[in-house]
Amino acid sequence: MDILYRSTRGNGEAVTASQAVLKGLADDGGLFVPDRIPKLSVDMDSLAQMTYQETAYEVMSRFLTDYTEEELKNCIAKAYDEKFDTTQIAPLHEADGAYFLELFHGATIAFKDMALSILPHLMTTAARKNQVDNDIVILTATSGDTGKAALAGFADVPGTRIIVFYPKDGVSPIQEKQMVTQKGANTSVVAIRGNFDDAQTGVKKMFGDEKLEEALAKAGYQFSSANSINIGRLVPQVVYYVYAYAMLYKDKKIGRDEKINVVVPTGNFGNILAAYYAKQMGLPIDTLICASNENKVLYDFFVSGTYDRNREFILTSSPSMDILISSNLERLIYHLTGDDAKKNREFMKALSSDGKYTITDDMKEKLSDFYGNYASEEETAQTIADIYRESGYVIDTHTAVAADVYRKYRKENKDERKTVIASTASPFKFTRSVMKAINPACDSMSDFQLVDELSSIAKVEVPRAIEEIRTAPVLHDTVVEKDEMKDIVEKILGIG
Ligand SMILES: *Cc1c(COP(=O)(O)O)cnc(C)c1O
């Protein structure tokens, strides 16, 4: 039977998977959730023999039931190809008493590539299936990582355009260089004089602008969103947990049905929700360990049952986790209410009016799948240095938050189960923080000196993504005021 998708805030109106992928967000502002979590349909002995692409098909076809086998296999083949620098796509590395699941071997060396390399294909296929002839225009505001991963994913995908806005002085030099050198005739990158919130607000305004929508439609375009609440980003992330388990089983690191723990460095709660879905599918996962940085709103939630965003926003060395509203948590809250959209809506109303809500005791009991903790800036740096000294393995700041939290978990719980740590970025993406943690004297080096130094101490080749931007020409140099965002979109698309 088909799986249908309903809004976490709606009254039960259901759409197909492809419609949910096209829409991104439900009309009532809720997130699309599957009406049930499917079970894995093949046994572990079969999964252990599969490639990443084959595993992706087994998992994704269970969720995206209105895509045909041919459509889905086509999307998978286009996504997980030589853009990744290893045929394993997501290899495991054993260190510090755990298995690091390296999710950073794609085009932009961060885990967002795992989903953003397939989302454009899921979207264009969805458009065809639903008789949408318009080209899809992706508008994104970025503080660095998502923008580049979305650009790389959508570049030269027929039937799509992508326009990315970033704050001129609000991203790192390497992040800016990565974006302004983006190839692809359908890509545009625009810097704005303003901060990330200005960029985000400008994009949201355009999404809600009916006149603009009409003008777009006349010119054969429609907007869509590539952000992390799209079900087309969540489902591809379930795949690598199944794949990691199957690899451990294949290599005889775990026995049949042996339970493992999973640690995920968390911001928007998307990646760890995918692990939770993997568990619901029947993957033998024991504890889901949710790791936060100093913006520890999730840790406080797991301890107290109260989600409270009223606090100071802290800039940390793991910027992709500097988040106070974890948008994907809404899906978990909805499931904890027993898929009751009305109850969930009340919590979300409280979040938007008071900045907080408290779940019921019943719901709190169901949270026993999870353990939450956090790492301070000092602990994060210390963990990078420790693991390098003990094993020669260099991890990035986000992964280090997870590794530190795992150490705390193990000490507290004396739980020696095999554990997979989601390794979400290459250390080459956050070179300065990583090298400073290992050797403070490095801070005087330039960005590319740091890259070479890291390559030398880690004995790892400089990733292609970094090598390319050393010499790549700047292809995007538009800078606009924050109130000119709509004008530039009209100009780029040749409308208005
Ligand atoms: C986005 C990101 C995260 C957080 O992932 P969520 O799905 O938002 O929880 C962690 N690490 C890195 C490097 C990221 O880019």
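How do the residues of the lining of the second largest cavity divide into nonpolar, polar and charged? Keep that in mind while you load things up, and remember that what you have open is a predicted model.

**Stop 1: the second largest cavity**

Select Thr-266, Gly-267, Ser-292, Asn-295, Val-297, Leu-298, Met-321, Ile-323 and Ser-326, and you have the lining of the second largest cavity on screen. The space inside is about 30 Å³. Colour the residues by class and you get your split: four nonpolar, five polar and no charged.

**Stop 2: out along the sheet**

Keep Ser-292 selected and look for its bridge partner in β14, which is Tyr-374. Now show β11 (residues 285-292) together with β14: the two run parallel, and five bridges join them. Widen the view to take in the open sheet, whose six strands come in the order β4-β5-β15-β10-β11-β14, with mixed pairing. At the edges are β4 (92-95) and β14 (370-374), each paired on one side only. Going from one strand to the next, the twist averages 25°.

Next, add helix α13 (residues 297-304), which packs on the sheet and touches β11 and β14. Its direction makes about 135° with that of β14. Val-297 and Leu-298 from Stop 1 sit in the residue range of this helix, and both line the second largest cavity.

**Stop 3: the largest cavity**

Clear the view and select Lys-83, Phe-84, Gly-106, Ala-107, Asp-113, Leu-116, Ser-117, Ala-149, Ala-152 and Gly-153, the lining of the largest cavity. Its volume is about 60 Å³. Show α5 (112-116) and α7 (145-154) as cartoons, since each supplies at least two residues of this lining. Which helix gives the most here? That would be α7, with three residues. By class, you are looking at five nonpolar, three polar and two charged residues. With this one you have seen both cavities of 30 Å³ or more, as the count comes to two.

**Stop 4: the second largest pocket**

Leave Ala-107 and Ala-152 on and add Lys-148, Gln-182 and Glu-468: of the 26 residues that line the second largest pocket, these five are the closest to its centre. Ala-107 and Ala-152 also belong to the lining of the largest cavity. The pocket holds about 600 Å³ of space. Keep α7 displayed and bring in α21 (464-471), as these are the elements that give two or more residues to the pocket lining. Here the largest share, four residues, comes from α21. One last recolouring by class shows nine nonpolar, eight polar and nine charged residues.

Conventions. Residues are numbered from 1 along each chain as its sequence is written. This is a predicted model: local features need pLDDT of at least 70, side-chain atom pairs count only at pLDDT 80 or more; totals for chains, interfaces and linings use all residues. Side-chain values use heavy atoms; hydrogens and water are left out. On a 1 Å grid over the protein atoms alone, a cavity is a set of points where a 1.4 Å probe fits but cannot get out, and a pocket is an open set with protein on both sides within 12 Å along at least five of seven lines; lining residues have an atom within 4 Å of a point. Grid points are joined across faces, edges and corners, and a volume is the space filled by probe spheres set on the points. Ala, Val, Leu, Ile, Met, Phe, Trp, Tyr, Cys and Pro count as nonpolar, Asp, Glu, Lys and Arg as charged, and the others, Gly among them, as polar. Two strands pair if DSSP finds at least two bridges between them. Axes are lines fitted to C-alpha atoms, for helices over the stretch in contact, and angles run from 0 to 180 degrees between N-to-C directions. Contact means heavy atoms within 4.5 Å.
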